[in-house]
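Biologist: Hey, could you walk me through this one? I'd like to start with the big picture and then poke at some details.

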Amino acid sequence: MTGSPRPASWARRDRLDAGPTPTTGIHHWTTLENPHIPPEEIERARETLADYWFRRDFLASWDTHPALIYPEWNPQKHVVQPDQIPISGMTWYGAQDWGYAAPGCFLRVGEHGPSGRIYVAAEIYVERLPVHVEEQAGYTGPTWCSLVKPIVEEFAVRQVWTDVSEGSKSTLAYRMAGIPAVVAHKGSVLDGIKTVSRLLAGLTPVLQVSSACPNLIREMGSYCFRLLRNGMVLEEPDPASSDHAVDGLRYCIINLFGNKEVRVDKPVDLADNPYNRPWQTWTEEERNRHFTGQANLRRSLARGHRR
């Protein structure tokens, strides 16, 4: 059995923590010791993954994930004032998380072509708001359509990604109102979280949020993984966490940035680990240690085949 370590999994509980038995053994190898993985691929992952995900997926770390889903989030680094967001060179998008009894959220998100940065410039965060007036007989108040369409027109919003969980009816209402809405391809929640994390990581983050988005700022700092009674953390969001704005952000980012590689400008102190540096910079001792590990892996596998 091989795979990426998951701290709260049965593999950790029933195998690793239980220890070896007379009929089973436990061996710890990293992707970095796999002779069939090109060093260039490892380097690309190091540059594009946030630190925790690189350690888990490539260094085989069993470290428990921090309870916060976005531990990289730092308001001092990621929050900007509205007048700090560029005006020219921006392509605007929207993200919609539907809600009625619970709040719904619309985010206006811009991609700045010259710098490659992503800015969340504005939010609408409200509950008990119908999508259009036809939903409630006699209703004459604001609707999602009436609030979002002026934004789409003013900023020439190219695409609005919407939550699929509410079906296509609400998205169709947007399209009939002249809003370029499509149901978001969300992929797995964990993949979306990884993508947002790598845009937050680094000394110079790719993703920044306007101070005009107080609810997104609040949710980014409180969005948590599910905590079990035994203290283990599951790699799935806590259903009690407020997630209306962060879900909308994830829809937008995974559709806009999911297939793009983003270099993570990591802090200098991570360079103490050779696997957090380009392999071309390794010392002779580090290279020998790496290739000795590869040789040990091949011998262990050969012994297993002979058995």
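Biologist: How much of the protein counts as buried?

Modeller: Keep in mind that this is a predicted model. Of its 307 residues, 46% count as buried.

Biologist: And how many helices and strands are there?

Modeller: The protein has ten helices and nine strands.

Biologist: What about the outside, how much area does the protein expose?

Modeller: About 16100 Å² is exposed, and carbon and sulfur atoms supply 52% of that.

Biologist: Let's talk sheets. What is the strand order in the open sheet?

Modeller: That sheet has seven strands, in the order β1-β7-β4-β3-β2-β5-β6, and the pairing is mixed. β1 and β6 (181-183) are at the edges with a single partner strand each, so one side of each has no neighbour in the sheet.

Biologist: Does a helix sit on that sheet, and if so, which strands does α6 touch?

Modeller: Helix α6 (residues 169-176) packs on the sheet and touches β2, β5 (159-162) and β6. The direction of α6 makes about 160 degrees with that of β6.

Biologist: Back to β2 for a second. In which sense do β2 and β3 pair, parallel or antiparallel?

Modeller: Strand β2 (residues 90-97) pairs with β3 in the antiparallel sense, over eight bridges. In that pairing, M90 stands opposite H112 in β3.

Biologist: And what holds paired strands to each other in general?

Modeller: Strands of a sheet pair through backbone hydrogen bonds.

Biologist: OK, new topic: α8. Which of its residues are buried?

Modeller: In helix α8 (residues 214-222), the buried ones are N215, L216, I217, E219 and M220. They pack against β1 (79-80), β3 (104-112), β4 (118-126), α7 (189-200), β7 (207-210) and α9 (244-257).

Biologist: So how does α8 lie relative to the strands?

Modeller: α8 lies across β1, β3, β4 and β7, and runs at about 100 degrees to β4.

Biologist: You mentioned α9 too. At what angle do α8 and α9 cross?

Modeller: Their axes come within 7 Å and cross at roughly 90 degrees. Angles from 65 to 115 degrees count as roughly perpendicular, so α8 is roughly perpendicular to α9. On the α8 side the contact is made by N215, L216, E219 and M220, and on the α9 side by H244, A245, V246 and L249.

Biologist: While we're on α9, is Y251 buried or exposed?

Modeller: Y251, which is in helix α9, counts as buried at 2% relative accessibility. Leaving out residues up to four places away in sequence, Y251 touches Q96, D97, D163, A184 and K186. The C-alpha atoms of Y251 and V164 are separated by 9.8 Å, with their positions 87 residues apart along the chain.

Biologist: What about H78, where is that found?

Modeller: H78 is in helix α4 (residues 75-78). H78 is buried, with a relative accessible area of 0%. Not counting neighbours within four places in sequence, its contacts are E72, W73, L200, P205, L207, Q208 and V209.

Biologist: Last thing, cysteines. How many disulfides are there?

Modeller: The count comes to zero. For C105, the nearest cysteine sulfur is that of C213, 8.0 Å away, whereas a disulfide needs the sulfur atoms within 2.5 Å.

Biologist: And is C105 buried or exposed?

Modeller: C105 counts as buried, at 1% relative accessibility. C224 is partly exposed, with a relative accessible area of 22%.

Definitions and conventions. Residues are numbered from 1 along each chain as its sequence is written. This is a predicted model: local features need pLDDT of at least 70, side-chain atom pairs count only at pLDDT 80 or more; totals for chains, interfaces and linings use all residues. Side-chain values use heavy atoms; hydrogens and water are left out. Buried means under 20% relative accessible area, exposed over 50%, partly exposed in between (1.4 Å probe, protein chains only). Helices (H or I, at least four residues) and strands (E, at least two) are DSSP runs, numbered from the N terminus. Contact means heavy atoms within 4.5 Å. Two strands pair if DSSP finds at least two bridges between them. Axes are lines fitted to C-alpha atoms, for helices over the stretch in contact, and angles run from 0 to 180 degrees between N-to-C directions. Accessible areas come from the Shrake-Rupley method with a 1.4 Å probe; for residues, only the protein chains shown count as cover. Angles under 35 degrees count as roughly parallel, over 145 as roughly antiparallel, 65 to 115 as roughly perpendicular and the rest as oblique.
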